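Student: I would like to learn how to read a model with two chains, going from strand pairing to helices, single residues and overall shape. Could we work through it feature by feature?

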Amino acid sequence: MSYNSTTAIQASLKKRYARERRFQWYGRLAVLTGFVFLFILLADIVSKGTPAFTQHFIRIAVNFDADKLEVSANPTEEELYAANFNGVIKQSLREMFPDVSGRKDKRALYKLISIGAEYDLRDSVLENPGLIGTKQEVWLRAHSEAGSYLKGQVDTQLDEADRRVKDNQIQWLDSLRAEGRTESRFNVIFFTAGDSREPELAGIKAALLGSAYTLLVTFFLAFPVGVLAAIYLEEFAPRNRLTDLIEININNLAAVPSIVFGLLGLAVFINFFELPRSAPLVGGMVLSLMTLPTIIITSRAAIQAVPPSIRQAALGVGASPLQTVFHHVIPVAMPGILTGSIIGMAQALGESAPLLMIGMVAFIMDVPGGVTDPSTVLPVQIFLWADSPERGFTEKTSAAIMVLMTFLIFMNALAIYLRRRFEMK
Amino acid sequence: MQTSTVILFLLAMCVVVYNLGRKRSQVLGQRIGGYSLLHSLPRHYGYMAAAWAAIPAIVVLILAMSFEERWLAGMVAEQLPPEARELPADKFGLYYNQVLGYAQGMVGAEQLDATQVAAGDYYRRLADRFASAKAALAFLAALVGAIFAIRHISPAVRARNHVEGIIRWVLFGCSFLAVLTTLGIVLSVLFEAIQFFKIIPLSEFLFGLEWSPQMAIRADQVAASGSFGFIPLLVGTLLISAVAMLISVPIGLMSAIYLSEYATNRFRAVTKPVLEILAGVPTVVYGFFAALTVAPFIRELGESIGLSVASESALAAGIVMGIMIIPFVMSLSDDIINAVPDSLREASLGMGATMNETIRKVLLPAALPGIVGGILLAVSRAIGETMIVVMAAGLSAKLTANPLEAVTTITVQIVTLLVGDQEFDSPKTLAAFALGLVLFFVTLLLNVIALYVVRRYREQYD
C-alpha cells in the first residue's frame with residue numbers, strides 16, 4: 001500500500017512541478033502584460049506628440065509696398081491694423097512661383113502659409129515701421145498640412161485624393177526645401193497661445209491657466225476643509241450615530257463616479273445659485289467636493305500615525321485639546337497631510353468629466369484673467385482637440401497630454417518624496 | 001459695492017476689532033494688576049471679539065445672496081407689461097434672460113424691445129440698491145456683534161474656551177460637509193429625475209428597449225415617441241464593463257499573486273509603483289488612446305480576418321478601460337492576499353503542497369470574499385467611468401451583446417445630453433439627471449455590498 005502511494009505521488013510530482021512552473025509563468029506574464037500596456041500607451045503618446053514641439057517656417061521674399069498694403073507711406077497704427085498683409089503674402093508667393101496659374105492651383109499655393117502669418121507680419125511692421133517700402137526675406141509660419149509634409153509625416157505613396165497635401169504642393173515644398181527656404185523651429189506658440197481653429201496656431205496657454213485657476217480654487221477650498229474635517233473626526237468626534245453617518249458618507253463619496261459631482265455642480269451651483277458657467281470658480285468648487293474624501297481619508301491616516309505621547313505631553317503641560325492639536329499634532333502630521341492633498345490635487349488636475357457638465361468645454365482663445373472668466377482646463381482641451389478632424393490636432397493632443405503628464409509626474413514625485421521623508425521620522 | 005469688496009472690508013474690520021478686543025483686555029488686565037490675572041491671553045479676547053463681528057455678518061451675507069436673484073426676479077417681473085408676464089414658462093425664461101443679459105451689459109439695447117430695456121434698467125437700479133443694502137446690513141451686523149463682544153470682555157470671561165467652542169463647531173461643519181454633499185447629490189438628481197418621470201413613466205424608462213432622445217424635436221412628441229428606454233444603455237454599459245473586467249481581473253489578480261507570493265522584494269519594489277502609474281494616467285488620456293490607437297487597430301485586425309468591426313467598438317473601449325483598472329484590482333487583491341494569515345500558508349506548504357496548490361486551494365478560497373468585494377468595487381469604477389467611453393464608444397443605443405459593435409453607455413448619454421446649450425426643463429436634460437440617479441444608486445449599491453463583504457471577511461481573521 002505504502003509502496004503504491006509513494007510511486008503514485010512520485011509519478012504525479014513531475015506533473016505538479018510542471019503545473020507550478022506554468023503557474024509562475026502566468027504570474028510573470030500578467031506582470032509583463034501590464035508593463036507592455038504601459039509601454040505601448042506611453043510610447044504611442046510620446047511618438048505622436050513629439051513632432052508637435054517643432055514647427056516649420058518658410059522663408060519668402062515679401063515686398064512691403066505701401067500701395068500693395070493699401071496704406072500711406074507713413075502709416076498710422078490704425079492703418080496698419082487694416083492693412084492688406086494677406087494680399088502681400090499671396091503676391092510674394094505668386095512671384096516666387098510665377099508659373100502657377102488657375103484659381104485652384106493658386107489657392108493650393110496660398111495654403112502653404114498659415115493664416116496667422118499676416119498677423120505676424122503686421123506685428124513686425126508695427127514694431128519697425130521702417131520696413132514699409134522695402135523688400136525683405138521673411139520667415140513665415142507654414143500651414144499645418146505643409147508643415148506635416150516637411151516633418152515627413154505624409155505618405156507620398158498614397159493616392160493623391162487620399163492625402164491632404166497635393167502633388168503640386170509637394171513639388172513647391174520640395175523646391176523650397178532645396179533652396180534652403182524651410183526651417184524647423186521650436187514651437188513657441190504652443191505655449192503662448194490659446195486655442196485656435198488652425199492647428200499650427202493653437203496653444204495650451206489658456207488651458208494651462210484655466211487649470212491653474214481651477215486647481216487654485218480647489219486647493220483653497222478642499223485643503224482647509226479637508227484637514228479640519230479630518231481633525232474633527234480623528235480628535236474630537238464623539239462616538240455616536242452622527243459621526244458614523246459622516247464617516248459612511250465620506251467613504252461612499254470617495255467611490256461616487258466623478259460625473260455625478262458634475263451633475264451636482266450643474267444643478268446646485270449653476271442652476272440654483274446661478275454662478276457663471278464655464279468658470280474656474282465653479283470647476284474648482286466641483287473638484288474640491290470630489291477631492292475632499294481623498295484629502296480627509298489620507299489626512300486622518302496621517303493624524304492617526306502621530307504618536308500619542310506627543311498629545312499626552314502637550315496636554316500634560318496644560319495645553320487645551322485644541323492647542324494640542326493645532327500646535328503639536330498637525331505640524332507632525334503635515335508631511336502626510338500634504339502627501340494626500342497633492343495626490344488629491346493630481347486627481348483633480350487630470351479630471352475632466354465633471355467639468356464637461358458645468359460647461360468648461362467652450363472654445364477658449366483668450367487667456368482667462370480670473371476665476372470667473374470662461375475658461376477650459378488642460379484635460380478638457382485634450383478632449384476637444386482629440387475630437388477635431390484636422391490631422392494637425394492629433395499631434396497637438398498628444399503634446400498636450402505630454403505636458404499634462406509631466407505635471408502629474410512632478411506632483412506625484414513630490415508626494416512620494418514627502419512620504420519618504422515622513423517615513424524616515 | 002461688489003460682494004468681494006464687502007468681504008475685504010469685513011476682513012479689515014475683523015482685524016480692527018481683534019486689536020480693539022486685545023487692547024481692551026490688556027487695559028482691563030493692567031487695571032487689576034497684570035495680564036496673568038485675566039482668564040485667557042489677550043489675543044484670545046481679540047479672537048473672540050473678531051469672531052463675534054464676523055459670524056453675524058457672514059450669516060447676513062449668505063442669507064442675502066441666496067435670496068438676491070429670486071427677489072430681483074420677482075420685483076422685475078411685477079414691472080413687466082402683462083403680455084410679457086403671460087408668456088408660457090419657456091418663452092418667459094428666454095425673455096427674462098435677455099433682460100438679464102442687457103442688465104449685465106452682455107446684450108446690446110438695440111437687440112431688445114423697449115419694455116425689456118426698461119426692465120433691464122430697473123433690474124440694474126434694484127440690484128445696485130440691493131447690493132448697497134446688503135453691504136450696509138452686513139456692516140451693521142458686524143458692528144453690533146463687535147460692540148457687544150467688546151463690552152462683554154472682562155477678566156472673568158473665558159475667552160479661550162469661547163473661541164475654542166466656536167472652532168469646534170467650525171470643525172464639525174467641515175466634516176458635516178460630506179453629508180451635505182451626499183444630500184446635495186441625492187436631492188438635486190432626485191428632484192430633476194422626478195420632473196422627468198412626470199413626463200416619461202418610470203416603467204417605460206426602466207423597461208423600454210429603445211433609447212433615442214435626439215428624435216424628440218418638439219416637447220409634445222416625446223411622450224408619444226417613447227424613446228427613453230434605458231435597457232440598451234444598461235446593456236451597453238455592462239458589455240463594456242464586462243470586457244474591462246475580462247482584461248483587468250485576470251491580469252490584476254495574477255500580478256497581485258505573483259508579486260505577493262513569488263516575487264523578490266526588490267522586484268516587487270520596482271514593479272508595483274511602475275504598474276501603479278497606470279492608475280495615475282488621466283482618463284482623458286486613455287480615451288484618446290482608445291479612440292485613436294486601439295480602436296483603429298482592432299478594426300484593422302478584425303477586417304484582416306474577415307470580421308466587420310465598428311470603428312467605435314465596445315471591445316476597444318472595454319480593453320482600454322480594463323487597462324486602466326488593472327492597478328486598482330491589483331492593489332485591492334494584494335491587500336487581501338496579504339491579509340490571509342501566514343499560518344494557513346505554512347500549514348499547506350508543510351503538508352507538501354506546492355506553492356501553486358497552496359495558492360489555488362488555500363489562499364484564494366480564504367481570500368475569495370475579499371477579492372469578490374474588490375472586483376465589485378472595480379465594476380462600480382467601470383460603470384461610472386466617463387471619458388474613455390465618451391471618446392471611444394458610440395452614441396447610438398443598440399441592444400446587442402456583440403463587443404465588435406458600437407454601443408453606448410449611461411455616462412456617454414449623460415454627457416451628450418448635457419454638453420452644449422440646453423433648456424433646463426426639457427425632457428432631454430431631465431433624462432440626464434434620471435440616468436445620473438440610476439448611476440449613483442447602482443454604484444452606491446455596489447460599493448455598499450463590496451464594503452460589507454470585505455469587512456465581514458476581515459473580521460474572520462482578526
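Student: Let us begin with strand pairing: which residue in S2(A) stands opposite A:Ile58?

Tutor: Opposite A:Ile58 stands A:Leu140 in S2(A). Before we go on, please keep in mind that this is a predicted model, in which local features need pLDDT of at least 70 and side-chain atom pairs count only at pLDDT 80 or more, whereas totals for chains, interfaces and linings use all residues. Residues are numbered from 1 along each chain as its sequence is written, while chains are lettered from A and ligands numbered from 1 in the order in which they are written.

Student: In which sense does S1(A) run relative to S2(A), parallel or antiparallel, and how many bridges join them?

Tutor: Strands pair if DSSP finds at least two bridges between them, and the elements themselves are DSSP runs numbered from the N terminus, helices being H or I of at least four residues and strands E of at least two. S1(A) and S2(A) run antiparallel and are joined by 7 bridges. S1(A) also pairs with strand S3 (residues 182–186) of chain A, again in the antiparallel sense, over 5 bridges, and there A:Gln55 has A:Arg185 as its bridge partner. As a general point, in a regular strand the side chains alternate between the two faces of the sheet.

Student: How do I read the sides of a helix, and which residues of H6(A) are buried?

Tutor: Burial is judged by counting other C-beta atoms, placed from the backbone, within 10 Å of a residue's own: 20 or more make it buried, 12 or fewer exposed, and counts in between partly exposed. In helix H6 of chain A, which covers residues 117–127, A:Ala117, A:Leu121 and A:Val125 are buried. They lie on the same side of H6(A) because they cover an arc of only 75° around the axis, the arc being that of the directions from the helix axis to the C-beta atoms. The face turned away from that buried side carries the exposed residues A:Asp123 and A:Glu127.

Student: What covers the buried residues of H6(A)?

Tutor: Contact here requires C-beta atoms, placed from the backbone, within 7 Å. The cover includes strand S1 (54–63) and strand S2 (135–141) of chain A, together with helix H3 (77–81) and helix H4 (85–96) of the same chain.

Student: What is notable about phi of A:Ser278?

Tutor: Phi of A:Ser278 is near 60°, a positive value in a residue other than glycine. A:Ser278 is placed in the loop between helix H12 (258–272) and helix H13 (280–304) of chain A, and it is buried, with 21 other C-beta atoms within 10 Å.

Student: And in chain B, which residues does B:Phe205 touch?

Tutor: Leaving aside residues up to four places away in sequence, B:Phe205 touches B:Phe197, B:Ile200, B:Phe228, B:Gly229, B:Phe230 and B:Ala434. B:Phe205 belongs to helix H7 (residues 202–207) of chain B and counts as buried because it has 20 C-beta neighbours inside 10 Å. Although B:Phe205 and B:Gly229 are 24 residues apart in sequence, their C-alpha atoms are 4.6 Å apart in space.

Student: How many helices and strands does chain B have, and how should I judge its overall shape?

Tutor: Chain B has 17 helices and 0 strands. Its radius of gyration, 31 Å, is well over the 23 Å that the globule rule gives for 462 residues, so chain B is more spread out than a compact globule; the radius is taken over C-alpha atoms, and the rule is 2.2 Å times the number of residues to the power 0.38. Along its principal axes the C-alpha trace of chain B spans about 85 × 75 × 35 Å. Its domain assignment, from an automatic or database source, gives domain 1 (3–157) and domain 2 (225–461), with C-alpha centres 49 Å apart.

Student: Where do the domains of chain A begin and end?

Tutor: Chain A, with 18 helices and 3 strands, is divided into domain 1 (2–50), domain 2 (53–187) and domain 3 (205–424). The C-alpha centres of domain 2 and domain 3 of chain A lie 46 Å apart, and 4 residues of domain 2 are in contact with 4 residues of domain 3.

Student: Finally, how many residues does the contact between the chains take from each?

Tutor: The contact takes 64 residues from chain A and 67 residues from chain B. On the side of chain A that touches chain B, the largest share, 17 residues, comes from helix H1 (residues 2–49) of chain A. That side divides into 44 nonpolar, 14 polar and 6 charged residues, where Ala, Val, Leu, Ile, Met, Phe, Trp, Tyr, Cys and Pro count as nonpolar, Asp, Glu, Lys and Arg as charged, and the others, Gly among them, as polar.

How values were computed:
Two residues are in contact if their C-beta atoms, placed from the backbone, lie within 7 Å.
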